[in-house]
Structures are given as C-alpha cells and as structure tokens.
Amino acid sequence: AFGTALQLYESLGWWRTPNLRDVHHAEEANELHHLLIMEALGGNAKAFDRFFAHNAAVLYYWATVALYMVSPTWAYNFSH
C-alpha cells in the first residue's frame, strides 16, 4: 500500500525522494522473508488459513492506502 501511494505521489510530482523507495523496498524484502519462513513452517497448510490470510491482506492493503491519503505518517506507523 505504501508503494502504491508513493508511486501516485511521485507520478503527480508531490514527492520526489528516492530514499523513501529504497527504505520501503528493504522493508518489503524483510516481510517477504518472514512470509516464506511461516510457509516453510506449515502456516499455509489449511485452506481456511490461506483464505483468511488472503482476504485480510486485501482489506489491510486498501485500508492502508486510504489511510495514507489522509496522513502518510499514520499509514506508515499503522504497520508497526
């Protein structure tokens, strides 16, 4: 969601700070590794778990995008 909002802001010319994109990329890579570890431990074995995780992720994504449009700081801190 942060990447989506950041791309929008950069496209509109409101923000042009490449260091934010670098920081976000590093955090995104870290989250990916955590997800891979959880899957390796069997976190995706049940269909209900996969269904719930997918739908929760979509809801979280759009909630964060909406929150980012209100306040980038709130949206960024929401994930911590």
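How much space lies in the largest pocket? About 1000 Å³, in what is a predicted model throughout.

**View 1. The largest pocket and its lining.** This close-up takes in the pocket with about 1000 Å³ of space. Its lining is made up of 26 residues, and the ones closest to the centre are Glu 31, Leu 32, Leu 35, Ala 57 and Tyr 60. Three helices chip in with at least two lining residues each: helix 2 (18-40), helix 3 (47-70) and helix 4 (72-78). As for chemistry, the lining splits into 14 nonpolar residues, six polar ones and six charged ones.

**View 2. A stacked Phe pair on helix 3.** Searching the whole structure turns up two aromatic pairs, and here we look at Phe 48 with Phe 52. Their ring centres sit 6.2 Å apart with the planes at 20°, and since planes under 30 degrees apart count as stacked, so does this pair. Both residues belong to helix 3, four places apart, or about one turn of the helix. In an α-helix there are 3.6 residues a turn, so residues three or four places apart point the same way. Neither ring is tucked away: Phe 48 is exposed at 58% relative accessible area, and Phe 52 is exposed too, at 54%.

**View 3. An edge-to-face pair, Tyr 61 and Trp 62.** In this pair the ring centres are 4.9 Å apart and the planes meet at 85°, so we call it edge-to-face; the cut-off for that label is over 60 degrees. How exposed is each partner, Tyr 61 and Trp 62? Tyr 61 is partly exposed, with 26% relative accessible area, while Trp 62 counts as exposed at 53%.

**View 4. Helix 3 from end to end.** Helix 3 runs for 24 residues and covers 35 Å from first C-alpha to last, close to the 34 Å you'd expect at 1.5 Å a residue. Its buried residues are Thr 64, Val 65 and Tyr 68. Two charged residues on this helix are also worth a look, Asp 49 and Arg 50. Asp 49 is partly exposed, with a relative accessible area of 34%, and Arg 50 is partly exposed as well, at 42%. Leaving aside residues up to four places away in sequence, Arg 50 touches Asn 44 and Ala 45.**View 5. Helix 2 and what comes after.** What span should the 23 residues of helix 2 have at 1.5 Å a residue? The expected figure is 33 Å, and the end C-alpha atoms are indeed 33 Å apart, so the two agree. After helix 2 comes Gly 42, which has a positive phi, near 95°. For a sense of distance across this part of the model, take Ala 29 and Asp 49: they are 20 residues apart in sequence, and their C-alpha atoms are 22 Å apart in space.

**View 6. Leu 6 in helix 1.** Leu 6 sits in helix 1, which covers residues 2-12. Is Leu 6 buried or exposed? With a relative accessible area of 1%, Leu 6 is buried. In sequence, Leu 6 and Trp 74 are 68 residues apart, and in space their C-alpha atoms are 14 Å apart.

Note on methods:
Residues numbered from 1 in each chain as written. Predicted model: local features only at pLDDT ≥ 70, side-chain atom pairs only at ≥ 80, totals over all residues. Heavy atoms only, no water. 1 Å grid on protein atoms, 1.4 Å probe; cavity = no way out; pocket = protein on both sides within 12 Å on 5 of 7 lines; lining within 4 Å. Points joined across faces, edges and corners; volume = space filled by probe spheres on them. Nonpolar A, V, L, I, M, F, W, Y, C, P; charged D, E, K, R; others polar. Phe/Tyr/Trp six-rings, centres within 6.5 Å; stacked < 30°, edge-to-face > 60°. Buried < 20%, exposed > 50% of the residue type's maximum accessible area, 1.4 Å probe, protein only. Expected span 1.5 Å × (residues − 1). Contact = heavy atoms within 4.5 Å.
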